[in-house]
Amino acid sequence: MTDIVEKTAKELGIHYETDVSMALKTSFKTGGNAEMMVYPDNTTQLKSILKVCKSNNIQTYIIGNGSNILVSDNGLSGVVVRLSNNYSDIRLVDETTVEAEAGASMKALCMFCLEHSLSGLEFAYGIPGTAGGAAYMNAGAYGGEMKDVLVKCEHLDSNGEEGSFEGDELELGYRKSAYSNSDYVITKLVLKLKKADYSDIKALMDENLGKRKAKQPLEYPSAGSTFKRPEGYFAGALIEQCSLKGFTVGGAQVSEKHAGFVINKGGATSSDIKKLIKHIQKVVYDEKGVMLEPEVKFLG
Ligand SMILES: Cc1cc2nc3c(=O)[nH]c(=O)nc-3n(C[C@H](O)[C@H](O)[C@H](O)COP(=O)(O)OP(=O)(O)OC[C@H]3O[C@@H](n4cnc5c(N)ncnc54)[C@H](O)[C@@H]3O)c2cc1C
């Protein structure tokens with residue numbers, strides 16, 4: 001089925017792989033194989049891939065760094081488009097405006113802002129995804145979120161047509177955006193920041209990274225916080241109060257260090273993780289009356 005996409009990729013010199021282990025492309029380190037993974041270098045290549053998939057009814061999945069997805073153990077048939085290092089230019093537009101391609105890592109983007117003494121993204125230092133993934137999710141931490149700095153996104157729709165959303169059109173809410181549940185591909189972000197002192201920016205970035213290292217089980221594969229924060233509660237606290245810290249299904253475990261994280265303790269399958277997520281939801285609902293909503297996105 002993906003032969004036609006392979007043919008297009010070969011003709012246009014687009015890098016691709018077939019039968020790719022998603023365990024190697026996701027931070028959970030689980031999941032079956034993707035039939036095909038494509039790594040476009042630019043928007044022209046991306047457009048060609050989206051068009052050929054659309055006209056041949058081939059399922060496409062868009063991923064960045066795979067740090068917030070759980071891929072089925074059965075794998076993904078169709079084409080995974082990965083926008084990561086291959087699609088990652090960052091540039092200064094004017095004194096306080098930065099443009100980043102969707103595949104730029106949040107780390108590189110934070111460092112770029114630091115080097116130009118631009119403040120506003122310190123909260124994001126340590127979030128292990130791409131700029132596109134952060135815009136899609138309206139990623140946030142330590143009192144900040146992408147909404148504070150993101151003014152515009154450029155995108156392609158599934159027909160490969162270019163468009164953009166600005167300001168309120170981005171519909172940035174708690175871990176959601178206008179792109180949630182759409183098939184648009186974010187290609188570029190425009191961020192508005194503020195001039196500040198280099199050492200103040202660096203100090204806040206270091207402080208935030210220090211908090212992550214102290215509180216999060218970074219030594220194990222995970223997708224960060226497994227659940228969204230329910231209004232009026234903290235997911236981790238609810239899970240801990242239900243005595244679920246350390247609870248294990250196969251190789252998946254509620255982290256002993258931070259109950260808000262489901263980790264791959266070693267040898268977990270995506271099915272183990274899904275079962276554990278369902279178990280946590282049931283216990284927390286039965287004991288606390290709160291239904292936890294997963295933050296992690298399920299693919300396949
Ligand atoms: C240790 C750890 C700590 C974390 N800490 C935080 C945190 O503090 N705050 C936070 O918000 N998140 C956190 N996360 C979760 C994750 O890093 C963020 O959600 C991140 O923004 C996801 O980016 P990604 O590139 O990895 O996206 P992926 O996981 O690849 O994709 C996530 C979703 O975005 C979509 N997507 C990705 N790129 C595009 C694109 N270009 N166009 C359209 N759709 C796209 C995908 O289809 C998918 O639905 C953490 C994860 C880990 C593993």
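In strand β7, V98 is the bridge partner of L92. The structure described here is a predicted model. The L92 pairing belongs to a set of four bridges by which strand β6 (residues 90–94) is joined to strand β7 (residues 97–101), and these strands run antiparallel. Two residues lie between β6 and β7, and the two strands form a hairpin. Strand β7 is also joined to β13 by five bridges, again in an antiparallel arrangement. Within this second pairing, E99 has V190 of β13 as its bridge partner.

An open sheet is formed by four strands in the order β1-β2-β5-β3, with mixed pairing. Because β1 (15–21) and β3 each have a single partner strand, they stand at the edges, and one side of each is left without a neighbour in the sheet. On average, and with direction ignored, neighbouring strands of this sheet are turned by 30° against each other. The partner of β3 (60–63) is strand β5 (residues 76–82), to which β3 is joined by four bridges, the two running parallel. In this pairing, T60 stands opposite V79 of β5.

Two helices lie across strands of this sheet. Helix α1 lies across β1, β2 (33–39) and β5, and runs at about 25° to β2. Helix α2 lies across β2, β3 and β5, and its direction is at about 160° to β5.

The two helices also pack against each other. Helix α1 (residues 3–12) and helix α2 (residues 43–55) meet at an angle of about 160°, and their axes are 10 Å apart. Since angles over 145 degrees count as roughly antiparallel, α1 is therefore roughly antiparallel to α2. The crossing of α1 past α2 is right-handed. On the α1 side, the contact is made by I4, V5, T8 and L12, while α2 contributes Q45, S48, I49, V52 and C53. By class, the residues of this contact comprise six nonpolar, three polar and no charged residues.

A further open sheet consists of four strands in the order β15-β18-β17-β16, with antiparallel pairing. Its edge strands are β15 (222–225) and β16 (248–249), each of which pairs on one side only. Strand β17 (residues 252–254) is connected to strand β18 (residues 261–264) by three bridges, and the two run antiparallel. Here A252 stands opposite N264 of β18.

The surroundings of the ligand draw on several of these elements. Around the ligand there are 32 residues, of which G64, G129, G132, G133 and G224 come nearest. Two or more residues of the shell are given by each of β3, α4 (131–137), β9 (140–141), β13 (185–192) and β15. Helix α4 provides the largest share of the shell, namely five residues. By class, the shell divides into 17 nonpolar residues, 14 polar residues and one charged residue. Among the contributors to the shell, β3 and β15 are also edge strands, β3 in the mixed sheet and β15 in the antiparallel sheet. Strand β13, another contributor, is the strand that pairs with β7 through five bridges.

Key. Residues numbered from 1 in each chain as written. Predicted model: local features only at pLDDT ≥ 70, side-chain atom pairs only at ≥ 80, totals over all residues. Axes fitted to C-alpha atoms, helices over the stretch in contact; angles between N-to-C directions. Parallel < 35°, antiparallel > 145°, perpendicular 65-115°, else oblique. Left-handed = near helix turned anticlockwise from the far one by under 90°. Contact = placed C-beta atoms within 7 Å. Nonpolar A, V, L, I, M, F, W, Y, C, P; charged D, E, K, R; others polar. Pairing = 2+ DSSP bridges. Near = placed C-beta within 6 Å.
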